[in-house]
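Dear colleague,

Please find below the structure that I am handing over to you. A short account of what was found in it follows.

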Amino acid sequence: MEKITFFLLLTLTLSQIVSSSLDRSHSHGLSKLYLTKLLKKDSAIDKNSHFSSALDYLELDKVVLPQEGLKHKDRIKRLSGQPPVKFKQYGGYVTVNEFVGRALFYYFVEAENSRSLPLLLWLNGGPGCSSIAYGAMEELGPFRVHSNGKTLYRNHYAWNHEANVLFLESPAGVGFSYSNTSSDVKSNGDRNTAIDNVIFLLNWIQRFPEYKNRDFYIAGESYAGHFVPQLAQTILHHNKLAKKTLLNLKGIMIGNAVINYETDRKGMYEYHASHALIPDEILEQIERYCNFSDKALPQSQECDNAIDIAIADTEPIDVYNIYAPLCSNSELTLQPKKTSQVIDPCSDDYVIAYMNRPDVQKLLHANVTKIKYNWQPCSDVIESWTDSPLTIIPLLKELMANGVRLWIFSGDTDGIVPVTSTKKSIKKMKLPIKTAWYPWFHNDEVGGYAQIYVGNLTFATVRGAGHQVPSYQPARALSLVKHFLAGTELPNSPKHKNNNVVI
């Protein structure tokens with residue numbers, strides 16, 4: 001969302017190296033909390049073996065609050081510096097815990113041409129990173145921010161060509177989402193996030209009742225590899241308990257996703273070596289001396305030494321897209337720079353400037369409580385994460401068994417949760433192959449490669465895309481979500497041209 005900072009903080013010196021890298025490449029949307037889970041022994045993020053399921057029975061009459069008149073109040077007539085558009089957009093808060101004063105902020109854009117299209121919720125990861133910062137403003141939303149930090153321009157490959165798209169800042173402490181109880185903001189976890197997210201949706205559907213029976217999909221990237229299936233499982237459970245369809249969940253899609261701790265780490269180092277980022281000798285030492293199973297810590301000195309070298313070798317580049325340029329000048333410009341549909345490496349700075357403007361917040365209906373800290377793409381106020389399972393593979397299998405469509409995609413230039421990690425994780429699921437590996441096409445070019453598994457799982461790579469796939473390959477990402485929502489296979493020959501906008 002969003003890119004998870006995976007650098008390894010194993011010594012004081014390397015901690016300083018990684019900290020400087022985080023400051024330089026914060027545009028990748030991955031939080032320091034998850035960095036410590038992967039790479040530190042004194043982590044502030046708990047590593048349980050499995051998801052502590054959010055399967056409490058929610059008493060709907062207590063958690064679903066009156067929503068009359070709030071939709072009209074949330075209507076955004078026009079964002080600051082926005083070009084003209086024909087679709088409607090909304091922004092505002094949904095209370096998820098009235099007793100403690102906890103509310104989540106959302107931004108919603110209706111479909112460009114037909115409001116009868118499905119409803120799609122997008123979640124970024126972190127944990128603690130904003131889906132508005134990344135999903136809405138740098139990836140798949142209808143606008144991107146100019147280099148002056150004041151005005152917007154159109155993203156011609158926005159996903160609201162194919163769906164009504166809902167962006168959610170979750171949990172409290174992320175972006176504009178807040179709680180009047182300070183402990184809510186300082187500490188959180190996977191389980192509480194899933195519960196708050198489903199309460200948000202149940203209330204939001206009451207506010208927007210026209211979407212109550214609409215086909216519903218959830219998508220996300222990075223640590224949303226946890227958030228998306230956990231929310232999906234919670235929805236299915238409450239549909240079953242209520243003996244009716246509260247939310248008409250049809251499918252989920254996760255990209256460059258944190259799925260399984262052991263294979264995530266092994267695949268990352270394999271990718272680094274195979275792409276000439278670290279020497280083969282270091283990979284061999286990591287494979288020989290490191291054990292990334294859930295019972296492996298502490299690691300041997302030989303393992304730590306090899307990882308130290310791997311960190312030092314990859315620190316100078318953007319590991320979230322190993323071929324992308326770094327941001328060389330983050331200063332705002334008086335006049336907007338020439339734009340491109342491929343993301344500017346300094347975009348985080350433009351978005352931060354824009355979202356902290358009082359006029360922008362007023363038009364968004366955001367920051368109504370005047371939070372004491374600046375809006376940030378990834379939260380600096382969440383200090384600990386109390387539960388983060390080592391694997392979500394059992395959840396993915398459970399969802400598939402319940403008929404939920406599952407797509408997993410992978411930008412093939414991401415070095416943080418690379419394609420090698422995702423392939424290893426899928427292999428652990430031990431699924432029979434339905435359609436063997438093949439190139440898929442978009443506009444007469446190979447968009448990536450795909451493989452389909454028995455049980456309604458599609459795995460697809462996106463050629464030339466980093467961790468935030470829609471930022472680097474927006475047209476291919478739009479083609480991907482189009483086929484996901486339609487439930488159709490990605491085309492295996494160039495004759496299947498689509499009608500996506502080309503500029």
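**Valine 174, two helices and the cores**

Valine 174 lies in the loop that links strand S7 (164–169) to strand S8 (178–179); helices (H or I, at least four residues) and strands (E, at least two) are DSSP runs, numbered from the N terminus. The model is predicted: local features need pLDDT of at least 70, side-chain atom pairs count only at pLDDT 80 or more, and totals for chains, interfaces and linings use all residues. Residues are numbered from 1 along each chain as its sequence is written, and side-chain values use heavy atoms, with hydrogens and water left out.

Valine 174 counts as buried because its relative accessibility is 0% (buried means under 20% relative accessible area, exposed over 50%, partly exposed in between, with a 1.4 Å probe and protein chains only). Its C-alpha atom is 5.6 Å from that of glycine 128, although the two are 46 residues apart along the chain. Leaving aside neighbours within four places in sequence, valine 174 is in contact (heavy atoms within 4.5 Å) with Gly128, Cys129, Ser130, Glu169, Ser379 and Ile382.

In the contact of helix H5 (residues 132–139) with helix H12 (residues 347–355), Ile132, Ala133, Tyr134, Met137 and Glu138 of H5 meet Ser347, Asp348, Val351, Tyr354 and Met355 of H12.

The largest nonpolar core (buried Ala, Val, Leu, Ile, Met, Phe, Trp, Tyr and Cys residues joined through side-chain atoms within 4.5 Å) has 64 residues, of which Phe200, Trp204, Ile218 and Ile252 touch the most other members. Helix H7 (residues 190–207) supplies the largest share of this core, eight residues. Apart from it lies another core, of 62 residues, Trp122 and Tyr438 among them.

Yours sincerely

Conventions: Axes fitted to C-alpha atoms, helices over the stretch in contact; angles between N-to-C directions.
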